[in-house]
Amino acid sequence: MPHDAETPTGETRLALVRRARRMNRILAETYPDAHCELDFTNPLELLVATILSAQCTDKRVNIVTPVVFAKYRTAEEYAAADRGELEEMIRSTGFFRAKANSIIGMAQAICERYGGEVPNKLKDLVTLPGVGRKTANVVLGNAFGVPGITVDTHFGRLARRFGWTGETDPVKVEHEVGALIPKREWTILSHRMIWHGRRICHSRTPACGVCPLAALCPSYGTGPTDEARAAKLVRPGPFS
């Protein structure tokens, strides 16, 4: 967003940056333990888990992955996996045939192009089967320590509600929010936003009356503002 462009809320660019950063600080105080809720011990495991998490809860993925990770420990082993066996192992995550194709194809590409090691650059990760920018940023931020914004449904919804962006395209949301928040904060901001979306700022009825961001949010009042009513909507983690 150019510096002289009109912001979604009509506030000045400087005011938007200051408000966004204040909101990020409040989210940091609210969710000091925010982290990736997918279980993993290395970049390959996180890549597989993130592929499995499409249209599936993190909780379900974490039930399935211990068996998968015990069976397949390297990209070479995933690349040579028996498709039917892998499909059965991941069946409960949904879309298991497409996910098995992605995992096997991703592993084959890693073996062919990157010596069996998960690449640590966005431009390389997004060339792998089943890996888009969202998945790539999850892996970069959480397995490699490379700052990245993960625009999932929660993040996009909250960024628009907060008036940080008017965009619906995830890539545009990523770039616009990235211009508001210091790069070093991108990965942890993603977790804080996802945690807030899961716990308080729900899609249909956000718990506005108990939201710590209420005073700074242009969408305050979308959900009940009565504290007692709003408190009943809060969902404690972990998720999903």
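Is Q55 buried or exposed? Select Q55 to begin the tour: with a relative accessibility of 69%, the residue counts as exposed, where exposed means over 50% relative accessible area, buried under 20% and partly exposed in between, with a 1.4 Å probe and protein chains only. The model is predicted, so that local features need pLDDT of at least 70 and side-chain atom pairs count only at pLDDT 80 or more, while totals for chains, interfaces and linings use all residues. Residues are numbered from 1 along each chain as its sequence is written, and side-chain values use heavy atoms, with hydrogens and water left out.

**Loop residues with positive phi**

Stay with Q55, which sits in the loop between α2 and α3 (58–71); helices here are DSSP runs (H or I, at least four residues) numbered from the N terminus. Although Q55 is not a glycine, its phi is positive, at about 55 degrees. Next select F95, in the loop between α5 (83–90) and α6 (96–114), which is another residue other than glycine with a positive phi, in this case near 50 degrees. F95 is exposed, its relative accessible area being 58%.

**Helices α3 and α5**

Now display α3 together with α5, whose axes lie 9 Å apart and pack at an angle of about 155 degrees; axes are lines fitted to C-alpha atoms, for helices over the stretch in contact, and angles run from 0 to 180 degrees between N-to-C directions. This makes α3 roughly antiparallel to α5, because angles over 145 degrees count as roughly antiparallel, under 35 as roughly parallel, 65 to 115 as roughly perpendicular and the rest as oblique. To see the contact (heavy atoms within 4.5 Å), select V64, V67, V68 and K71 in α3, which meet E85, M89 and I90 in α5. The residues of this contact divide into five nonpolar, no polar and two charged, with Ala, Val, Leu, Ile, Met, Phe, Trp, Tyr, Cys and Pro counted as nonpolar, Asp, Glu, Lys and Arg as charged, and the others, Gly among them, as polar.

Beyond α3, select R73 in the loop between α3 and α4 (75–79), a residue that counts as exposed at 61% relative accessibility. R73 and L44 are 29 residues apart in sequence, and their C-alpha atoms are 8.5 Å apart in space.

**Helix α1 and the loop after it**

Move to R19 in helix α1 (residues 13–30), which at 8% relative accessibility counts as buried. Neighbours within four places in sequence left aside, R19 is in contact with T9, E11, F162, G163, W164, L216 and P218.

Then select Y31 and W195, both of which are buried. The whole structure holds three aromatic pairs. Y31 and W195 form one that is edge-to-face, 6.4 Å centre to centre with 70 degrees between the planes; rings of Phe, Tyr and Trp (its six-membered ring) pair if their centres lie within 6.5 Å, and planes under 30 degrees apart count as stacked, over 60 as edge-to-face and the rest as tilted. This pair links distant parts of the chain, 164 residues apart, with Y31 in the loop between α1 and α2 (43–52) and W195 in helix α11 (residues 186–199). Add R199, which lies over the face of W195 at 4.0 Å from the ring centre; a charge sits over a ring if NZ of Lys or CZ of Arg is within 6 Å of the ring centre and within 35 degrees of the ring normal.

D33 is also in the loop between α1 and α2, and is exposed, with a relative accessible area of 58%. The C-alpha atoms of D33 and H191 are separated by 9.4 Å, although their positions lie 158 residues apart along the chain.

**Helices α9 and α11**

Keep α11 in view and add helix α9 (residues 153–161): the two axes come within 8 Å and cross at roughly 85 degrees, which makes α9 roughly perpendicular to α11. On the α9 side the contact is made by H154, F155, R157, L158 and A159, and on the α11 side by L189, S190, M193, I194, H196, G197 and R198. By class, this contact has six nonpolar, four polar and two charged residues.

**Helix α8**

Finally, select helix α8 (residues 133–143), whose buried residues are T135, A136, N137, V138, V139, L140 and G141. Their cover includes α2, α7 (122–125), α10 (170–178) and α11. After α8 comes G145, with a positive phi near 70 degrees.

Methods:
Helices (H or I, at least four residues) and strands (E, at least two) are DSSP runs, numbered from the N terminus.
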